[in-house]
Amino acid sequence: MLKTALALGRVSNLPTVWMNVLAASALTANAFGFALPTGIVFLLALAMSFFYAAGMCLNDYCDRHWDAERQPFRPIPAGKISASKVLSLSLGLFCAGFALLLLAPSARGVIAACGLAALIVAYDFLHKKHWATVLLMALTRLGVYLVAAFALTGSATTAVVVMGLIQCAYTLLVTVVARLENHKSGGYGFPVIPWMIACMGLVDGIALSILLSPWWLLAGIVTLVLTRWGQKYVRGD
C-alpha cells in the first residue's frame, strides 16, 4: 500500500517543490531583511508537498478511464487501489496541507492556497478536454511561490513573482513536451520528461546563485540529483 501511495503522489518529484518553497522563502527573507526561518520553511515545504501529492492523486482519479486504455500500469487501472480510496486520499492530503498553513506566520498563505487548490482541481478535471489547460498546470508552480511568500509575510515581492513566472514558463514547456510525447509512437526513447522535471530545482538554484549567493547553485544541483534518484524507484511522469 505504501508503494502505491508513493506512486500516486509522484513523491520522487517532491524535491523540486521543496526547492520552490526554499527559493520563495530565501527571496522573501532577503527582501525583508530577516534570517531564513528554517522551521517555517520546513512547515511550508511539507504543506506544499501535501498539495502536490493531493493534486497527483486527483489527477489519477480523473484520468482513471483514460489510463485504463493507455497507461494500465497506473495504480487504479492496475487494481492496486480503488478510485474512491484515491479520491479520499486526495481530499485528506489537501486538508493536511491547509491545516499546516494555519500554523504559518500569516493567514494570507491560506487564502493564496485556496487559489492554488482551485487551479489544481480545475486542471485535473479539465486537462483531457482542452489543450489550453496546460496554462493551469503552469500556474500551479507560480502558486507554490505565492503561497510560500504570503504565508511568511502576507505579501509577495517582485523577485518572488518573477521567479515564480520563470518556473511557470518552464512548467508550461514541460507540459507541452509531455503532450507531444503522448502523440509520438514509442515516445522519445529517452526519459525527457523526468529529466526536465528534475531540472526544475536547478532553475531555482541558478537564479538564486545570481541573485543571492553562488552557494545556492549547490542546492539546485542537490535537488536535481535527489529527484533523479527518487525517479529510479517512483515514476515522476
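**Exercise 1. Overall build**

What percentage of the 237 residues of the protein count as buried? Find this share, then describe the overall build of the chain.

Solution. The model is a predicted one.

Step 1. Of the 237 residues, 47% count as buried.

Step 2. The protein holds 10 helices and zero strands. Read from the N terminus, the order of elements is α-α-α-α-α-α-α-α-α-α.

Step 3. A compact globule with 237 residues would have a radius of gyration near 18 Å, and the 17 Å of the protein agrees with this. Along the principal axes, the C-alpha atoms fill a box of roughly 55 × 35 × 35 Å.

Step 4. Take the contacts between residues at least 6 apart in sequence: 73% of them join residues at least 24 apart.

**Exercise 2. Surface and charge**

State how much accessible surface the protein has, and how far apart the mean positions of its positive and negative charges are.

Solution.

Step 1. The accessible surface is about 11,200 Å². Carbon and sulfur atoms account for 72% of that surface.

Step 2. The protein has 16 positive and 8 negative charges. Their mean positions lie 3 Å apart.

**Exercise 3. The nonpolar cores**

Which helix gives the most residues to the largest nonpolar core? Identify the core, its contributors and any separate core.

Solution.

Step 1. The largest nonpolar core has 49 residues. Those that touch the most other members are Val21, Leu44, Met48, Phe51, Val86, Leu101 and Leu116.

Step 2. At least two residues of this core come from each of helix H2 (14-32), helix H3 (38-62), helix H5 (83-101), helix H6 (108-126), helix H7 (134-153), H8 and helix H9 (192-211).

Step 3. H3 gives the most, with 14 residues.

Step 4. There is also a second, separate core of seven residues, and Tyr170, Val177, Met196 and Met200 are among them.

Step 5. Return to valine 21 in the largest core. Leaving out residues up to four places away in sequence, valine 21 touches Val41, Leu44, Ala45, Met48, Val144 and Ala148.

**Exercise 4. Alanine 24 and valine 160**

Place valine 160 and alanine 24 in their helices, decide whether each is buried or exposed, and list their contacts.

Solution.

Step 1. Valine 160 belongs to helix H8 (residues 158-182), while alanine 24 sits in helix H2.

Step 2. Buried means under 20% relative accessible area. Valine 160 has 0% relative accessibility, so valine 160 is buried. Alanine 24 has a relative accessible area of 0%, so alanine 24 is buried.

Step 3. Residues up to four places away in sequence are not counted in what follows. Valine 160 touches Ala24, Leu27, Thr28, Tyr145 and Ala149. Alanine 24 touches Tyr145, Ala148 and Val160. Tyr145 thus appears in the list of valine 160 and in that of alanine 24.

Step 4. For distances, use C-alpha atoms. Valine 160 and leucine 43 are 117 residues apart along the chain and separated by 19 Å. Alanine 24 and alanine 47 are 23 residues apart along the chain and separated by 14 Å.

**Exercise 5. Residues in the loops**

For arginine 10, serine 82, threonine 157 and leucine 212, name the loop and decide whether the residue is buried or partly exposed.

Solution.

Step 1. Arginine 10 is in the loop between helix H1 (2-8) and H2. Its relative accessible area is 4%, so arginine 10 is buried. Arginine 10 also has a positive phi of about 50°, although it is not a glycine.

Step 2. Serine 82 lies in the loop between helix H4 (64-70) and H5. With a relative accessible area of 32%, serine 82 is partly exposed. The C-alpha atoms of serine 82 and tyrosine 61 are separated by 9.2 Å, with their positions 21 residues apart along the chain.

Step 3. Threonine 157 is in the loop between H7 and H8. A relative accessible area of 16% makes threonine 157 buried. Not counting residues up to four places away in sequence, threonine 157 touches Ala31 and Phe32.

Step 4. Leucine 212 lies in the loop between H9 and helix H10 (216-231). Its relative accessible area is 29%, so leucine 212 is partly exposed. Not counting residues up to four places away in sequence, leucine 212 touches Ala26, Leu27 and Asn30. Leucine 212 and asparagine 30 are 182 residues apart in sequence, yet 8.1 Å apart in space, C-alpha to C-alpha.

Notes
Residues numbered from 1 in each chain as written. Predicted model: local features only at pLDDT ≥ 70, side-chain atom pairs only at ≥ 80, totals over all residues. Heavy atoms only, no water. Helix = DSSP H or I, 4+ residues; strand = E, 2+ residues; numbered from the N terminus. Rg over C-alpha atoms; globule rule 2.2 N^0.38 Å. Buried < 20%, exposed > 50% of the residue type's maximum accessible area, 1.4 Å probe, protein only. Contact = heavy atoms within 4.5 Å. Areas by Shrake-Rupley, 256 points an atom, 1.4 Å probe, with all protein chains shown as cover. Lys, Arg positive; Asp, Glu negative; His and termini not counted. Charge placed at Lys NZ, Arg CZ, Asp CG, Glu CD. Core = buried A, V, L, I, M, F, W, Y, C linked by side-chain atoms within 4.5 Å.
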